[in-house]
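Colleague: Please take a close look at one part of this model for me: the aromatic pairs. Set the scene with the whole chain, then go through the rings one by one.

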Amino acid sequence: MLHGLPMERDVTPFDPPGEITRVRATRPVSPMLFPDGHEGWLVTGYEAVRQALADTRFSSRQDLGIIHVPFPTPGMPEMTEPVPQTPGLFISMDPPDHTRLRRKLTGAFTVKRMKALEEGIVEITERQLDALAKLTPPVDLVREFALPVPSLVICEILGVPYADRDTFQHNSSKFMERQVNLEDKMAAYMAITGYLGELVVAKRAEPGDDLLSDLAGDEDLSIEELVGIAFLLLLAGHETTANMLALGTFALLEHPDQLEALRANPELIPDAVEELLRYLAVADIFFRYAAEDVEFFGETIREGSMVVLSLLAGNHDPERYEHADSLDVHRNARGHLAFGHGVHQCLGQQLARIEMRAGFEGLLRRFPSLELAVPAREVKLRTDMNIYGVHALPVTWA
């Protein structure tokens, strides 16, 4: 039985922890002992993770029962008592509450609507590449490219002033730290939601041409719900894509054969984006709560048990993908779990795909000699954060 959630990336910076890989090979739904002695479950096999994400017996609500994990424990929730439901935070809700709120947003994130935004996203990407090209290397690709692009895009879509980015990026980073104390985490959360509260109140009074204004005009949504929705969209809208752009670039630089294949055949970039999503799965760990006794893959998961799902382990399952621990930009990686599955599948996945396609295509085209400016072992990984990636990626070019 596992004692706690393994976090050490002991093979490469891109593979699941070796202990998780070993467990998946023998028992893809495995008991796991939490630090206080409470027994929960770790799900690592592709089919098991996929089915658990879609199984309504595994609840996303954090207010149903006690999470028996003392703080601080890397990779685990901090709370030791039920967490009240946060208005608007539909990622932590089950139907019908989840359905009601998510339905308010589906029209804004359709494939057709996202395609209409593509030209503007490419323009934002190219402007950031222009700014990058004017700098003298080495530069930090996270600060100068990977973070600004999705931040600019989500700010424009939501109607959040980009000039305020330093404040919300600092607080969102603090909120996403795994081992920050609860007081500091709540202070960061309150700073973000306080800012967003003022913003949605202003948009309800004087709407603009943006998504938050559209939502603020819906009288069915309370201010508290609007703030929760805005918090979720702002956080997810820049954290995940920023880390995919940076970690994806790192992965390509560490796989020069795959990088050269993309440079020689830019038409492969859409497939490469799917493969990078599969291979890296930066939003790796999902938590569920067994709302009843569940017979699942030969195991009995008792009501009240915490179930930890590793999307990265599922994406690296050799039962689903041949040579699953290898990066292969020619692979058909569709069906991967990087965006989740079921009713909680990522609402902004098409937006993320467009940003990554534009980002990787532009970066490889504009910087054909791009390379790491430090040894790979010196790249600081975000093992301390809930969204994986790199804290900085020093790069240079000729």
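Modeller: Start with burial, since the rings will come back to it. Of the 398 residues in the protein chain, 55% are buried. Keep in mind that this is a predicted model.

Now the fold. The protein chain has 14 helices and eleven strands. Its radius of gyration is 21 Å, close to the 21 Å from the globule rule for 398 residues, so the chain is as compact as a globular protein of that length. Along the principal axes, the C-alpha atoms fill a box of roughly 60 × 55 × 40 Å. Take the contacts in the chain with a separation of 6 or more: 69% of them join residues 24 or more positions apart.

The surface comes next. About 17,200 Å² of the protein chain is exposed, and carbon and sulfur atoms supply 51% of that area. On the charge side, there are 37 positive and 60 negative charges. Their mean positions are 3 Å apart.

Now to the part you asked about. How many aromatic pairs are there? The count comes to nine, with ring centres within 6.5 Å as the cut-off.

One of them joins Tyr 189 and Phe 231. The geometry is edge-to-face, with 5.1 Å from centre to centre and 80 degrees between the planes. Where do the two residues sit? Tyr 189 belongs to helix H8 (residues 182–205) and Phe 231 to helix H10 (residues 223–253), so the pair ties together parts that are 42 residues apart in sequence. Are these two residues buried or exposed? Both Tyr 189 and Phe 231 are buried.

A further pair is made by Phe 367 and Trp 397. This one is also edge-to-face. The ring centres of Phe 367 and Trp 397 are 4.7 Å apart, and their planes meet at 65 degrees. Phe 367 lies in the loop between helix H14 (349–366) and strand E10 (371–372). Trp 397 lies in the segment after strand E11 (394–396). The pair therefore links distant parts of the chain, 30 residues apart.

Burial again, this time with values. The cut-off is under 20% relative accessible area. Phe 367 has 3%, so this residue counts as buried. Trp 397 has 15% and is therefore buried too.

Last, a group of rings. Phe 14, Phe 250 and Tyr 279 are linked into a cluster by ring pairs.

How values were computed
Residues are numbered from 1 along each chain as its sequence is written. This is a predicted model: local features need pLDDT of at least 70, side-chain atom pairs count only at pLDDT 80 or more; totals for chains, interfaces and linings use all residues. Side-chain values use heavy atoms; hydrogens and water are left out. Helices (H or I, at least four residues) and strands (E, at least two) are DSSP runs, numbered from the N terminus. The radius of gyration is taken over C-alpha atoms; the globule rule is 2.2 Å times the number of residues to the power 0.38. Buried means under 20% relative accessible area, exposed over 50%, partly exposed in between (1.4 Å probe, protein chains only). Contact means heavy atoms within 4.5 Å. Accessible areas come from the Shrake-Rupley method with a 1.4 Å probe; for residues, only the protein chains shown count as cover. Lys and Arg count as positive and Asp and Glu as negative; His and the chain ends are not counted. The place of a charge is taken as NZ of Lys, CZ of Arg, CG of Asp or CD of Glu. Rings of Phe, Tyr and Trp (its six-membered ring) pair if their centres lie within 6.5 Å; planes under 30 degrees apart count as stacked, over 60 as edge-to-face and the rest as tilted.
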